[in-house]
Amino acid sequence: MINLTINGTEHQLEADVRTSLLDALRDHLAMTGTKKGCDHGQCGACTVLVNGRRINSCLTLAIMHEGDDVTTIEGLGEPGNLDTMQESFLHHDGYQCGYCTPGQIMSATGMLGEVRDGWPSHVTDKLDGQVELTDAEISERMSGNICRCSAYPNIVDAIRTAST
Ligand code: FES
């Protein structure tokens, strides 16, 4: 039995201890908003937040996150009540096919939290305490999220707008 807290709700899973967090979400909890692209840490489609920090859910075991707060795209907003980052992606057409979009939005949300928290400090020091990110800084911090349609300019526009 694996105990997980997802978007504030506790779940008990009858799952093998080798189950990744991504497979736990998709296959055991039917939370398919988190996408599987590469399944080995290269595309970012599976990004979720663990205690507010973004991770690739394909690279970590679900059982390692007992006691953590896991946030998925389903936990941000819902149709008719989207959160700021979701609204901004919608407004700026920050997608084409949409497959990478949940991961992009979760990563962008986590990234802005990192900047606001001054984490990690060695990167924040380089920004001299600056909170407003340049487009180049947004692109660098989002480099773990691949968009095969190459909607990057609109994705950066969406994140810049949501960050201000
Ligand atoms: Fe996890 Fe690609 S599915 S990084």
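**Group meeting talk: a core between two domains**

The largest nonpolar core in this predicted model has 38 residues, and those with the most contacts inside it are Leu4, Ala24, Ile105, Ala108, Ile155 and Ile159; by nonpolar core I mean a set of buried Ala, Val, Leu, Ile, Met, Phe, Trp, Tyr and Cys residues joined through C-beta atoms within 7 Å. At least two residues of this core come from each of strand E1 (2-6), helix H1 (21-28), strand E3 (47-50), helix H2 (84-91), helix H3 (101-117) and helix H6 (152-163), where helices (H or I, at least four residues) and strands (E, at least two) are DSSP runs numbered from the N terminus. The core lies between domain 1 (2-75) and domain 2 (84-163), because both give residues to it; the domain bounds come from an automatic or database domain assignment.

A word on conventions. Residues are numbered from 1 along each chain as its sequence is written. Because the model is predicted, local features need pLDDT of at least 70 and side-chain atom pairs count only at pLDDT 80 or more, while totals for chains, interfaces and linings use all residues.

Now to the loops. Asn7, in the loop between E1 and strand E2 (9-13), has a positive phi of about 50° although it is not a glycine, and Asn51, in the loop between E3 and strand E4 (53-56), also has a positive phi of about 50°. Asn7 is partly exposed, because 16 other C-beta atoms lie within 10 Å, whereas Asn51 counts as exposed with 11; the cut-offs, with C-beta atoms placed from the backbone, are 20 or more others within 10 Å for buried, 12 or fewer for exposed, and partly exposed in between.
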